[in-house]
Amino acid sequence: MPNSTLTPEKRLFLKDRELGALLEITQAINQDHSEGALYKIFQFTLLGQLNIRRLVLYVKEEGQWQCVVSFGAMLPDFRRVPLPESVLRGTGGQPAALAGMGLGTEWSMLEAVIPVVRNDEVVAYVFIGNVHEDYASGEAAKFLETLSNILLGAIDNRRLGRQRVAAAAMRKEIEIAQEVQTMLFPRKLPNDAHVAVAASYVPHTAVGGDYYDVVDIDANRFLFCVADVSGKGVAASLLMSNFQAGLRTLLRQQVDLATIAQELNNLIFRNAGGDKFITVFFGVYDRASRVLQYVNAGHNDPLLVFDSGQVERLREGTIMLGVMDELPGLKVGEVHIPGRALLLNYTDGLTEVFDANQEEFGEEGILALLAQNRYLPLKRLHEALLASIKRLQRQRQPVRRRRDDSELPV
């Protein structure tokens with residue numbers, strides 16, 4: 001930066017201008033202007049108060065240098081010009097003349113660069129040109145750095161404030177989603193001489209996209225379902241809440257299982273417009289006849305394990321709900337449940353767990369564990385299954401996971 005000799009009167013006059021510039025910037029900050037407005041006020045303040053007629057300001061945002069102010073006669077739009085590496089290397093954190101830096105012709109109308117330093121790190125570069133001779137001193141450069149620091153500090157505080165508001169909103173959204181999700185799960189599960197049910201919901205994140213339900217139809221029959229909605233958060237919880245309300249309404253109307261699947265598909269398709277879907281397994285079990293009717297709508301195949309060790313996968317059904325307005329090829333499966341049989345329903349969070357060698361637990365892991373613990377009381381068998389998953393999770397490093405999921409043996 002060039003130096004000039006100033007008379008006491010001239011120095012006092014310039015200090016008065018600096019004070020005016022400082023007042024304009026601080027008033028703009030206190031008036032809660034937007035970031036764009038603050039940059040504009042900064043630009044016109046330097047022009048009006050300090051007679052700086054060409055100004056370019058680069059700031060570092062999310063690790064990238066971006067031009068946020070570019071004004072002055074005969075200057076190109078620097079918002080389209082990358083910050084030269086020679087500037088990053090050549091200033092050393094101190095004001096410097098641009099001559100000799102080997103910059104392109106677009107920089108020829110600018111005379112000096114002033115790094116803005118905060119916590120020993122350059123956070124902005126102020127380029128100035130056509131500066132009035134009375135304001136061409138090292139002291140002036142220091143004031144410009146200070147003024148720029150005040151402006152950028154205020155803008156950073158605004159961003160932090162927005163981030164805090166967004167984080168608070170996200171926390172509130174998660175709380176709402178958790179409350180909605182908790183209300184969806186049944187408070188009581190069947191446990192009598194004919195059937196026993198154990199269930200768990202273990203989300204991998206604060207709000208999962210899974211759901212299970214058990215609803216009595218009459219003295220002998222009850223419906224159970226296990227579902228997985230695409231996505232997570234409030235949107236997924238509300239969609240699942242809508243699904244549950246529709247299911248309960250249909251059950252009160254005493255409709256059959258095929259109609260339940262069709263009507264819930266229509267409900268989801270109308271509400272989500274095909275953007276979200278639900279995989280679900282519906283089962284209606286009759287204690288008296290020991291017959292299970294079911295529809296598997298794109299869900300993981302439940303495993304029916306017989307006393308002999310034979311395994312049957314319940315696959316009859318259709319595609320996932322909510323993808324099309326009509327379910328294609330819908331079939332209702334039917335199977336007789338013999339004594340001492342075990343039916344395991346689950347979502348893919350149970351199988352998509354990996355050990356330290358990146359080996360998936362998978363269906364094979366489930367069946368191996370069931371073979372070893374088949375005749376444990378249901379609650380203990382259920383706990384053993386969950387404990388095996390937790391052991392795998394402790395052994396491995398974090399790995400890929402497609403969705404937040406849960407486990408549901410029935």
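Below are legends for a handful of close-up views of this predicted model.

**View 1. Strand β9 and its neighbours.**
Here we zoom in on β9, which spans residues 291-297 and is mostly covered, with 5 of its 7 residues buried. On one partner, β8 (residues 278-286), the count is 7 bridges and the two strands run antiparallel. Look for Phe282, whose bridge partner in β9 is Val295. β8 and β9 make a hairpin with 4 residues between them, and Arg290 in that turn has a positive phi of about 60°.

**View 2. Two further partners of β9.**
Strand β13 (residues 333-336) runs antiparallel to β9, joined to it by 4 bridges. Gln293 is the residue standing opposite Glu334 of β13. Strand β12 (residues 317-318) goes the other way about things: it runs parallel to β9, with 2 bridges between them. There, Ala297 has Thr318 of β12 as its bridge partner.

**View 3. Tyr58 against Phe127.**
The structure holds 12 aromatic pairs, and one of them is the edge-to-face pair of Tyr58 and Phe127, at 5.9 Å centre to centre with 75° between the planes. Tyr58 belongs to strand β1 (residues 52-61) and Phe127 to strand β5 (residues 121-131), so this pair links distant parts of the chain, 69 residues apart. Both rings are tucked away: Tyr58 is buried at a relative accessible area of 1%, and Phe127 is buried at 0%.

**View 4. Trp65 against Tyr125.**
With ring centres 5.1 Å apart and planes at 50°, Trp65 and Tyr125 form a pair that counts as tilted, because edge-to-face would need over 60 degrees and stacked under 30 degrees. Trp65 sits in strand β2 (residues 64-71) and Tyr125 in strand β5, so the contact ties together parts 60 residues apart in sequence. Trp65 is partly exposed at 22% relative accessibility, while Tyr125 is buried at 3%. Pull back a little and ring pairs link Tyr58, Trp65, Phe78, Trp107, Tyr125 and Phe127 into a cluster.

**View 5. A charge over a ring, and a histidine contact.**
The charged end of Arg374 sits over the ring of Tyr375, 5.3 Å from the ring centre. Also shown is His382, found in helix α9 (residues 378-395). The His382 side chain makes a polar contact of 2.6 Å with the side chain of Ser200. His382 has 7% relative accessibility, so it counts as buried, the cut-off being under 20%.

**View 6. Asp213 and Arg248.**
Searching the whole structure turns up 7 salt bridges, including one between the side chains of Asp213 and Arg248, at 3.0 Å from N to O. Asp213 is in strand β6 (residues 210-216) and Arg248 in helix α5 (residues 233-252), which puts the partners 35 residues apart. Asp213 is buried, with a relative accessible area of 1%, whereas Arg248 is partly exposed at 29%.

**View 7. Two more salt bridges.**
Arg221 and Asp218 meet through their side chains at 2.9 Å, N to O. Arg221 is partly exposed at 28%, and Asp218 is partly exposed as well, at 36%. In the other bridge, the closest N and O atoms of Arg313 and Glu363 are 2.5 Å apart. Arg313 lies in strand β11 (residues 311-313) and Glu363 in helix α8 (residues 362-373), so the bridge ties together parts 50 residues apart in sequence. Arg313 is partly exposed, with a relative accessible area of 28%, and Glu363 is partly exposed at 21%.

How values were computed:
Residues are numbered from 1 along each chain as its sequence is written. This is a predicted model: local features need pLDDT of at least 70, side-chain atom pairs count only at pLDDT 80 or more; totals for chains, interfaces and linings use all residues. Side-chain values use heavy atoms; hydrogens and water are left out. Buried means under 20% relative accessible area, exposed over 50%, partly exposed in between (1.4 Å probe, protein chains only). Two strands pair if DSSP finds at least two bridges between them. Rings of Phe, Tyr and Trp (its six-membered ring) pair if their centres lie within 6.5 Å; planes under 30 degrees apart count as stacked, over 60 as edge-to-face and the rest as tilted. A charge sits over a ring if NZ of Lys or CZ of Arg is within 6 Å of the ring centre and within 35 degrees of the ring normal. A polar contact is a pair of N or O atoms within 3.5 Å; within protein, one must be able to donate a hydrogen and the other to accept it, and residues adjacent in sequence count only if both atoms are side-chain atoms. A salt bridge is a side-chain nitrogen of Lys or Arg within 4 Å of a carboxyl oxygen of Asp or Glu.
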